[in-house]
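Reader: I should like to go through some backbone and cysteine details of a structure with you. May we begin?
Author: Certainly; please put it up.

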Amino acid sequence: MQKEAKLWKLIKKNTPKIKWTRLESWASYGVPDLLGYHDSCGFFMCELKILYGSKLSFSPHQRLFHMTMTKRNFIIVEQAQKGSPRSIKLYGSSAIHGLLTDHRATPCLALDDWDLIERLLLDA
């Protein structure tokens, strides 16, 4: 199973108030991986990224999406380092500039707190 598929299942399990749809990225380049919905806030989108080492990579289409559509769009990063526990971070789309240069210096909205992640996704 691909790493992003495992992250997708983890998100779905830990954010039960949100109705999720996984999108096929080959159909429209740059569109985030997940479409979320809740009656209180409507639709929002999340890009899933797995971090190996120190660099996050985004396609040019993903960069453009997050640079131009910063409202109600998010980036969820799983840091998967060998020998370390998994870490889940939530960023707003506007954090793309920092994530492209140095993710360690870019403040996240939430870190390893599923209740806070779900709340932020629904409240933004």
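Reader: Where does Arg 72 lie?
Author: This is a predicted model. Arg 72 sits in the loop that runs between α2 (60-68) and β4 (73-79).

Reader: What is the phi of Arg 72 near?
Author: Phi of Arg 72 is near 60°, which is a positive value in a residue other than glycine. Most residues other than glycine have a negative phi.

Reader: And is Arg 72 buried or exposed?
Author: Arg 72 is buried, since its relative accessible area is 19% and the cut-off for buried is under 20%.

Reader: Turning to Asp 112, which loop holds this residue?
Author: Asp 112 belongs to the loop between β6 (110-111) and α4 (114-123). Phi of Asp 112 is near 55°, again a positive value in a residue other than glycine. With a relative accessible area of 45%, Asp 112 is partly exposed.

Reader: A different topic: how many disulfides does a search of the whole structure find?
Author: The search finds zero disulfides.

Reader: Why is there no bond from the sulfur of Cys 41?
Author: The closest cysteine sulfur, in Cys 46, is 10 Å from the sulfur of Cys 41, so it is too far for a bond. A disulfide requires the two sulfur atoms to be within 2.5 Å. Cys 41 is partly exposed, at 22% relative accessible area.

Reader: What about Cys 108, and which cysteine sulfur is closest to its own?
Author: That is again the sulfur of Cys 46, which lies 14 Å from the sulfur of Cys 108 and is therefore too far for a bond. Cys 108 counts as partly exposed, at 27% relative accessibility.

Key. Residues are numbered from 1 along each chain as its sequence is written. This is a predicted model: local features need pLDDT of at least 70, side-chain atom pairs count only at pLDDT 80 or more; totals for chains, interfaces and linings use all residues. Side-chain values use heavy atoms; hydrogens and water are left out. Helices (H or I, at least four residues) and strands (E, at least two) are DSSP runs, numbered from the N terminus. Buried means under 20% relative accessible area, exposed over 50%, partly exposed in between (1.4 Å probe, protein chains only).
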